[in-house]
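Here's a quick walk through one chain, meant to be read with the model open beside it. Have a look at the fold before reading on.

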Amino acid sequence: MTSPADAADPTAPTSPMTGPGPATGPNPMTDSRPDPLDTALRLVRAQTAVVKRFDSSLSGLHGVSLSDFTLLLHLAQAPGGRMRRVDLAEALGLTASGVTRGLAPLERIGLVTREAAARDARVAYAALTPTGRERLAEMLHTARQVAAEHFAPEQWSAEGLTQLSALLTRLGGTAPEHRHIPRP
């Protein structure tokens with residue numbers, strides 16, 4: 001319980017039951033560390049803005065979303081241009097049914113095909129078709145343009161971009177040396 005003198009002092013420690021103060025959360029006037037929740041929410045908003053920008057260009061020019069493009073890119077990076085559906089789900093951070101839903105429209109338009117394993121009919125592969133490879137090359141060109149515009153040298157120094165890349169890797173993003181992005 002606080003004394004009457006403490007109640008008059010807004011900087012005096014209080015419990016969550018007695019009102020504001022350090023016990024109820026960080027004080028932006030005294031804490032030098034940014035609020036982790038605010039930082040996380042800023043990251044989410046930034047990701048949303050980047051996704052919208054890619055979706056707009058990719059859908060307008062190629063009829064695919066960023067998630068479709070990412071799925072196709074994973075297949076292109078895989079040996080033989082194919083992956084087991086379960087491995088693709090893990091690589092994309094999706095469930096097996098999520099991958100199946102994502103692959104269905106790509107199969108309908110001929111960018112991806114379904115292949116059964118020769119030794120085990122229970123195992124299904126998703127494979128990039130020759131048309132899928134051609135279209136992905138066009139999509140890569142568009143995606144590189146969008147990325148170049150988003151991270152234009154007028155707004156981002158090479159050092160800033162390197163630092164951002166390193167920070168994203170610390171957050172769980174795949175380091176460039178671990179994922180080769182094919183060049184046209």
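What follows goes from the overall layout to the sheet, then to the helices and a ring pair.

## Overall layout

Keep in mind that this is a predicted model. The chain has seven helices and three strands. Reading from the N terminus, the elements go α-α-α-β-α-α-β-β-α-α.

Of the 184 residues in the chain, 26% are buried. Take the contacts between residues at least 6 apart in sequence: 51% of them join residues at least 24 apart.

## The sheet

In what order do the three strands of the open sheet sit? The order is β1-β3-β2, and the pairing is antiparallel. That leaves β1 (82-84) and β2 (112-116) as the edge strands, each pairing on one side only. From one strand to the next, the twist averages 25°.

Now for the pairings themselves. Strand β3 (residues 124-128) and β2 are joined by five bridges in the antiparallel sense. Across that pairing, Glu115 sits opposite Tyr125 of β3, and Thr113 sits opposite Ala127 of β3. On the other pairing, β1 and β3 run antiparallel and share three bridges. There, Arg82 has Ala127 of β3 as its bridge partner.

Arg82 has another link to β3's residues: it lies over the face of Tyr125, 3.8 Å from the ring centre.

## What covers β3

Is β3 mostly covered or mostly open? Mostly covered: five of its five residues are buried. The cover is on both faces, with Ala124, Ala126 and Leu128 buried on one side, and Tyr125 and Ala127 buried on the other.

Helix α4 (residues 85-92) lies across β1, β2 and β3. Relative to β1, α4 runs at about 90°.

## Two helices, checked for length

Helix α6 covers residues 130-150. At 1.5 Å a residue, its 21 residues should span 30 Å, and the end C-alpha atoms are indeed 30 Å apart, so the two agree. Which residues of α6 are buried? They are Gly132, Leu136, Met139, Leu140, Thr142, Ala143, Val146 and His150. An α-helix has 3.6 residues a turn, so residues three or four places apart point the same way. The cover over α6's buried residues includes α2 (36-62), α3 (66-77) and β3.

Helix α7 (residues 158-170) gets the same kind of check. Its 13 residues should span 18 Å at 1.5 Å a residue, and its end C-alpha atoms are 18 Å apart, which agrees. Just after α7 comes Gly172, with a positive phi of about 115°.

## One aromatic pair

How many aromatic pairs does the count come to? Just one aromatic pair. The rings are those of Phe151 and Trp156, with centres 5.3 Å apart and planes at 70°; planes over 60° apart count as edge-to-face, so this pair is edge-to-face.

What about exposure? Phe151 has 27% relative accessibility and Trp156 has 30%. Buried would need a value under 20% and exposed one over 50%, so Phe151 counts as partly exposed, and so does Trp156.

Terms used: Residues numbered from 1 in each chain as written. Predicted model: local features only at pLDDT ≥ 70, side-chain atom pairs only at ≥ 80, totals over all residues. Heavy atoms only, no water. Helix = DSSP H or I, 4+ residues; strand = E, 2+ residues; numbered from the N terminus. Expected span 1.5 Å × (residues − 1). Pairing = 2+ DSSP bridges. Axes fitted to C-alpha atoms, helices over the stretch in contact; angles between N-to-C directions. Contact = heavy atoms within 4.5 Å. Phe/Tyr/Trp six-rings, centres within 6.5 Å; stacked < 30°, edge-to-face > 60°. Buried < 20%, exposed > 50% of the residue type's maximum accessible area, 1.4 Å probe, protein only. Lys NZ or Arg CZ within 6 Å of the ring centre and 35° of its normal.
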